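Student: I would like a close look at one part of this model. Please keep it brisk and take the helix packing step by step.

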Amino acid sequence: MLVVKGISKTYPGEQFGAVNDVSFILEENQVLALIGKSGSGKSTILQMIAGLMKPDTGEVFFNGERLENPEEQLIAGHPDIKMVFQDFQLKPNMTVEENVKYVLLQFDKQFQKERTAELLDLCGIAALADRKPNELSGGQLQRLSIASALAEEPKLLLMDEPFSNLDPITKENLLMELVDIIKSEELSLVFVTHDTRDAMWIADRMVFLSEGELIQNDTVANLYNSPLNLEIAGFFGRINDFSKALNVESCFVRAEYCAYNLEGEGVKVELKKSVFIGDRYFNEAIIASSNLAIYFYSTAPLEVKERSIYVTFDRDKILEFKQ
Ligand SMILES: Nc1ncnc2c1ncn2[C@@H]1O[C@H](COP(=O)(O)OP(=O)(O)OP(=O)(O)O)[C@@H](O)[C@H]1O
């Protein structure tokens, strides 16, 4: 459905490309997360898919049609692709209802009314229909932006960091609602994030970028279980490096697969911190023999003065990097 083929972009005056020869495919009704650290090229890719920016090389196809460049058409992008903007791009003097209706002006009045009511309901803002955007919270504004973007029944929705300014509860609710919206509207979604936890909620696939290059494109589970390199592994949580302590070439294990004991089994560590994080304690220590930091969880708090703490790990969970 969406085919991104070898797109590259170097901003004027820049020495290095922001995006370098990136290709991927998105199937119908799939959700894809573009992930990577700040400056890795995520937003630039999204802009090129939205038709807002012309790739220097490469092309984007949607349902077999090549996306035209901004200079080749009056209205940017493909009519079936809609971007949910970070700054919302709403009409400040219009109510919530009018903002959605405004997108539907070319349709007859009855359709405008029905579709608007359906979307406000779907996005959980029907009770706010008469409010102006400045009377809404961040999460409600985000919902209104989604409703506006959905008005014209797009097939592909694009979102740039849609959850970054929301508190954890609002974010979780919106993520769950988004799953329902995607299903009921039979949508595909490409969204940008630097938070793998957001992506894990809704993404079928993740495309991991580093310095403008696509490093790994796989399912969420495969990126977590078989990351190609340490940078990708580290996006999902703390990674412990046992290589030096065990005198082996490579032995990296996620903190969640490490356990402690006081009986002298495993690698000896010196505890630095034991922090309550709700369901368990997060512990930071130093491996005595390698002087490297190590992280692990416990169900009870550990005492920093406890001298003999040892850490073991599940051997099946050693990460094998291919890069
Ligand atoms: N208008 C611009 N002019 C010059 N360089 C730019 C411009 N926009 C982005 N860049 C550069 O291009 C690279 C990729 O930027 P981009 O915004 O696509 O990254 P990103 O992964 O979305 O980052 P973030 O997570 O911080 O939003 C960065 O090095 C950035 O500094």
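At what angle do helix α2 and helix α4 pack, and how far apart are their axes?

Tutor: First, a caution: this is a predicted model. Helix α2 covers residues 96-103, and helix α4 covers residues 138-150. The two pack at an angle of about 25 degrees. Their axes are 8 Å apart. Angles under 35 degrees count as roughly parallel, so α2 is roughly parallel to α4. The crossing of α2 and α4 is right-handed.

Now the residues. From α2 come Val96, Asn99, Val100 and Val103. They meet Leu144, Ala147 and Ser148 in α4. By class, this contact of α2 with α4 has five nonpolar residues, two polar ones and no charged ones.

Helix α2 has another partner to consider. This is helix α3, residues 109-122. The axes of α2 and α3 come within 9 Å. They cross at roughly 125 degrees. That angle falls outside the bands for roughly parallel, roughly antiparallel and roughly perpendicular, and α2 and α3 are therefore oblique to each other. Here too the hand can be stated: α2 passes α3 in a right-handed crossing.

On the α2 side, this contact is made by Val96, Glu97, Val100 and Lys101. On the α3 side, Gln112, Thr116, Leu119 and Leu120 take part. The classes in the contact of α2 with α3 are four nonpolar, two polar and two charged.

Put the two contacts side by side. Val96 and Val100 of α2 meet α4, and Val96 and Val100 also take part in the contact with α3. Asn99 and Val103 are listed for the α4 contact. Glu97 and Lys101 are listed for the α3 contact. Charged residues number none in the contact with α4 and two in the contact with α3.

Last, the setting. The chain is divided into domain 1 (2-232) and domain 2 (238-319). Helix α2 at 96-103 and helix α4 at 138-150 lie within the 2-232 range of domain 1. So does helix α3 at 109-122. The centres of domain 1 and domain 2, taken over C-alpha atoms, are separated by 39 Å.

Methods: Residues numbered from 1 in each chain as written. Predicted model: local features only at pLDDT ≥ 70, side-chain atom pairs only at ≥ 80, totals over all residues. Axes fitted to C-alpha atoms, helices over the stretch in contact; angles between N-to-C directions. Helix = DSSP H or I, 4+ residues; strand = E, 2+ residues; numbered from the N terminus. Parallel < 35°, antiparallel > 145°, perpendicular 65-115°, else oblique. Left-handed = near helix turned anticlockwise from the far one by under 90°. Contact = placed C-beta atoms within 7 Å. Nonpolar A, V, L, I, M, F, W, Y, C, P; charged D, E, K, R; others polar. Domains from an automatic or database assignment.
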